[in-house]
Amino acid sequence: MLLNSFLNGYAFWLLLGFALLISEFFIPGLVAVFFGVGALAVGLLTLMGVIDSLALQLLCFGVISLVALFGLRRHCTRWLRGGVGGRAKTDLDDVGVVGSRVSVLTDFLDGTGDVQLNGAKWDAESDEPLRTGETAWVIAINGIVLRVSTSRPDRSI
């Protein structure tokens, strides 16, 4: 009798709801929180006198929890984890290298050679034949390889 009245009361549902919400911190998976929301909703509905029988409380708990789980989990997961887009198709040149003048350190053989930019040696590629000591301009960057040319790139793009 006492157990039935406790299970039928709003205090049980509110305690269960808070316990499920707190358990999400210890066992993350973004599942328990929705069942916690369902239990809190049933506890509040029971407290307000809208629901009175245990069968109706269990039914409402199941329906509210499942609707919250399947309806909101996708949105909450995206919000909690954030969205990461794919890599840019073109290099955005975050460091401002494109358009910089470089000195050719080694002759370019088969389109590859070494250049000096800001005192550092870089691997470089070029479609043009470049010789040691010449000046070239960075027209693109691909990871740690500079693409260079004898003509200065247009920076208005």
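Let's start with one residue, Asp-127: at 69% relative accessibility, Asp-127 counts as exposed, because the cut-off for that word is over 50%. Keep in mind as you look around that this is a predicted model. Asp-127 has a partner, Arg-147, and the side chains of the two meet in a salt bridge with an N to O distance of 2.7 Å. Arg-147 belongs to strand 5 (residues 145–149), while Asp-127 sits in the loop between strand 3 and strand 4, so the salt bridge ties together parts that are 20 residues apart in sequence. Arg-147 is partly exposed, at 25% relative accessibility. Glu-125 joins in as well: Glu-125, Asp-127 and Arg-147 are linked in a network of salt bridges.

Now step back to the whole chain. You can find 4 helices and 5 strands in it, and from the N terminus on they run α-α-α-α-β-β-β-β-β. The chain has 157 residues, and buried residues make up 29% of them. If you take the contacts with a separation of 6 or more, residues 24 or more positions apart account for 44% of them. On the outside, the chain exposes about 10,800 Å², with carbon and sulfur atoms supplying 63% of that area.

Helix 2 is a good place to look next. Helix 2 covers residues 10–26, which makes 17 residues, and at 1.5 Å a residue the expected span is 24 Å; the end C-alpha atoms are 25 Å apart, which agrees. Which residues of helix 2 are buried? They are Trp-13, Leu-14, Gly-17, Leu-20 and Glu-24. These residues cover an arc of only 125° around the axis, which puts them on the same side of helix 2. A general rule helps here: an α-helix has 3.6 residues a turn, so residues three or four places apart point the same way. Turned away from the buried side is a face of helix 2 that carries the exposed residues Leu-15, Phe-25 and Phe-26.

From helix 2 we can cross to helix 3. Val-37 lies in helix 3, and its C-alpha atom is separated by 6.2 Å from that of Gly-17, although the two residues are 20 residues apart along the chain. Val-37 is partly exposed, with a relative accessible area of 39%. Helix 3, residues 32–47, is also the place of Leu-44, which is partly exposed at 46% relative accessible area. Leu-44 helps to make a nonpolar surface patch of about 520 Å², together with Tyr-10, Leu-47, Met-48 and Val-50.

Finally, let's return to the charged pairs. How many salt bridges does the structure hold? There are 4 of them. In one, Arg-131 pairs with Asp-107, and their closest N and O atoms are 3.8 Å apart. This pair links distant parts of the chain, 24 residues apart: Arg-131 is in the loop between strand 3 (120–125) and strand 4 (135–142), and Asp-107 is in the loop between strand 1 (101–104) and strand 2 (112–117). Arg-131 counts as exposed at 51% relative accessibility, whereas Asp-107 counts as partly exposed at 31%. In another salt bridge, the side chains of Lys-121 and Asp-114 meet at 3.5 Å, N to O. Lys-121 is exposed, at 60% relative accessibility, but Asp-114 is buried, at 14%.

How values were computed: Residues numbered from 1 in each chain as written. Predicted model: local features only at pLDDT ≥ 70, side-chain atom pairs only at ≥ 80, totals over all residues. Heavy atoms only, no water. Helix = DSSP H or I, 4+ residues; strand = E, 2+ residues; numbered from the N terminus. Buried < 20%, exposed > 50% of the residue type's maximum accessible area, 1.4 Å probe, protein only. Contact = heavy atoms within 4.5 Å. Areas by Shrake-Rupley, 256 points an atom, 1.4 Å probe, with all protein chains shown as cover. Expected span 1.5 Å × (residues − 1). Arc of directions from axis to C-beta. Patch = residues over 30% accessible without salt bridge, like charges linked within 9 Å, V, L, I, M, F, W, Y side chains within 5 Å.
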